[in-house]
Every structure is written in C-alpha cells, then in structure tokens.
Amino acid sequence: MKNTLWRQFISPLKALVRQSAHRFELTPEAAVPSPCHASEICLETLNNWLQTRRVLSVENGFWQGQSLMLAIDAKRDLIWIDEIFPAQNTLNEGQPLQVSLRQGFERCYFTSTVIAIVDKPQGRMIALQLPSEIHRAPRRTHRRFTLPGPRFTAKVRAPGLHAESCQVINISAGGMRISLNGNLLKHYRPGVSLPFCRFVLGPDIFITCRATIKAAMLDKTAGRKTQVSLAFADIPLTQRQQIDAYLHRLEALRGERQVAVSA
C-alpha cells in the first residue's frame, strides 16, 4: 500500500523533470553527461535532505523564503527545488541563491545559481547548479545574554492578532527568546513572520522591527506558557552593533562573565 502511494506521488514529479529537460535545448555534445563535480559527502548530505523532506531556507540578500528539495540530477549537475514560499516574483535565471538548513548546533549551507525556472500546471520547479561542497558553521553568530535585574519585557504581534507583552528570556544582536502567556502555538509557528516586534534597551536604544520565528514550544513548568525563539528580520547593522555593544557593556559592569544561553 505504501509503495503504491509513493509511486503515485513520485511519478508526476519524475515526468515533470523529464519534460523540463527540453527547456535546456541540449546539443549532441552537451547531451553527454558531464562528470559530477559534487563531492561524495555533499551528495550524501543532499540525498539525506531529499529523503527526509527537510524544509530549506532560501535567500539572496534581499528576501528569504522556504522550499523543499524535489530531485537531484547528478548527470547534469542540477538540483531541483519546489516553489519558494512566500512566492518571489523577482526570481530570475542567473540569480545567486544561498540555501541553508539548521542541523543541531550547526548551520549547513551552500551558494548556487538559478539555472532554470519551469512553470507547469502541477506547480513551479527551480533548477539550481549542484554545489561542489556544503559548508558548515555554528548556528549562532551572536552570543545570547540573560539580562540581570527586573524582568525585561517586549511587545510582539503575530499575523491576525493584537500586539501583546511578553517576557524576554535571553537576547542577542540577532534575536531573542521570549515567553508568552497561554498556549499560542497555533499562531506562533516556526517560519511565521511577525510584522511587529518592539523593545527598549537602555535610555537610547529603541528597537521596532519585524521578526521571524525560528522555534516554538509549550512550557508547562510554570503554568501554560509559549516559548518562542525569534530572529530579527530588518534591524540595520548599526542598531545590531548598538545592541551588541550595550549587552557587552552591561556584562562588563556586572564584573562577571555571563554564560551564553542557548535558545
């Protein structure tokens, strides 16, 4: 039964990939498969993402979205991904893209180029150049701090809801972890973009921005609370530097080193 359902799912995809090959108008010389330039470890990682249906982050410096890997065509040095969500109408052939995935404490990523965009009744498929290698880096680029003193609060708003106050558990120049009253997992889901996030650090640092939810969980240890990890979406570099400098200055004034808190 499972094999039958899988064949029903994958058959249209295979046909779509075969049909899309005509778009390249291959000459007899080009039709000869070139050797695969991807390393064995790279192909193994990509195949794992394909088989486990991992949601990939796709960005080009001006926007960020999500997609799924649909197929790997090692003979033509191509990988096929699904339509990017939210839809990117400015996406064109030849554009560079960075594709990444968070795995444990690492961020795996590669940079590629859009080779072809195929629009079919079944949906859009995007062909990317198969990368030669996948880079790995620590997930965090900014240390997170737990602020001393009275409870630190912020205001956030999920799509379709009013702005509400929340407690800040920890914060960095790149994001923060917050706690909201009640079970709000229906509205605060990973990948959701928050149109409003506001907090104040010190007398001269007022931050209002958008944010993207990276993780969310229900905490039942102290009543029903929803803990949400946010990444700031549109804070200018100067303000990020302001936040980082303030946090490090606060740490120095306390005369002790805070242990970075992992959200």
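## Helix α3, a six-stranded barrel and side-chain contacts

Helix α3 (residues 40-51) has twelve residues that, at 1.5 Å a residue, should span 16 Å, and this agrees with its end C-alpha atoms, which are 16 Å apart; the expected span is 1.5 Å times one less than the number of residues. Helices (H or I, at least four residues) and strands (E, at least two) are DSSP runs, numbered from the N terminus. The model is a predicted one, in which local features need pLDDT of at least 70 and side-chain atom pairs count only at pLDDT 80 or more, while totals for chains, interfaces and linings use all residues. Residues are numbered from 1 along each chain as its sequence is written, and side-chain values use heavy atoms, with hydrogens and water left out.

The buried residues of α3 are Cys42, Leu43, Thr45, Leu46, Trp49 and Leu50, where buried means under 20% relative accessible area, exposed over 50%, and partly exposed in between (1.4 Å probe, protein chains only). These buried residues lie on the same side of α3, because they cover an arc of only 165° around the axis, the arc being that of the directions from the helix axis to the C-beta atoms. An α-helix has 3.6 residues a turn, so residues three or four places apart point the same way. On the face of α3 turned away from its buried side are the exposed residues Glu40, Ile41, Glu44 and Gln51. Arg53, which follows α3, has a positive phi, near 55°.

Elsewhere in the chain, six strands form a closed barrel that runs β8-β9-β10-β13-β12-β11, with antiparallel pairing; two strands pair if DSSP finds at least two bridges between them. From one strand to the next the twist averages 45°, with axes taken as lines fitted to C-alpha atoms, for helices over the stretch in contact, and angles running from 0 to 180 degrees between N-to-C directions. Within this barrel, strand β12 (residues 205-219) pairs with strand β13 (residues 225-232) in the antiparallel sense over eight bridges, and Asp219 has Lys225, in β13, as its bridge partner.

A cluster of ring pairs links Phe152, Phe199 and Phe232. Rings of Phe, Tyr and Trp (its six-membered ring) pair if their centres lie within 6.5 Å, and planes under 30 degrees apart count as stacked, over 60 as edge-to-face and the rest as tilted. By this rule there are three aromatic pairs. One of them is the edge-to-face pair of Phe152 and Phe199, with 6.4 Å centre to centre and 85° between the planes. This pair links distant parts of the chain, with Phe152 in the loop between β7 (135-138) and β8 (153-157) and Phe199 in strand β11 (residues 193-201), 47 residues apart. Phe152 and Phe199 are both buried. Phe199 and Phe232 form a stacked pair, with 5.4 Å centre to centre and 25° between the planes. Because Phe199 lies in strand β11 and Phe232 in strand β13, this pair ties together parts that are 33 residues apart in sequence.

The count of salt bridges comes to three, each being a side-chain nitrogen of Lys or Arg within 4 Å of a carboxyl oxygen of Asp or Glu.

| Acidic residue | Basic residue | N to O distance |
|---|---|---|
| Asp73 | Arg76 | 3.2 Å |
| Asp119 | Arg124 | 2.8 Å |
| Asp234 | Arg210 | 3.3 Å |

Asp234 lies in the loop between β13 and α4 (237-254) and Arg210 in strand β12, so their salt bridge ties together parts that are 24 residues apart in sequence. Asp73 is buried, at 14% relative accessible area, whereas Asp119 is exposed, at 51%.
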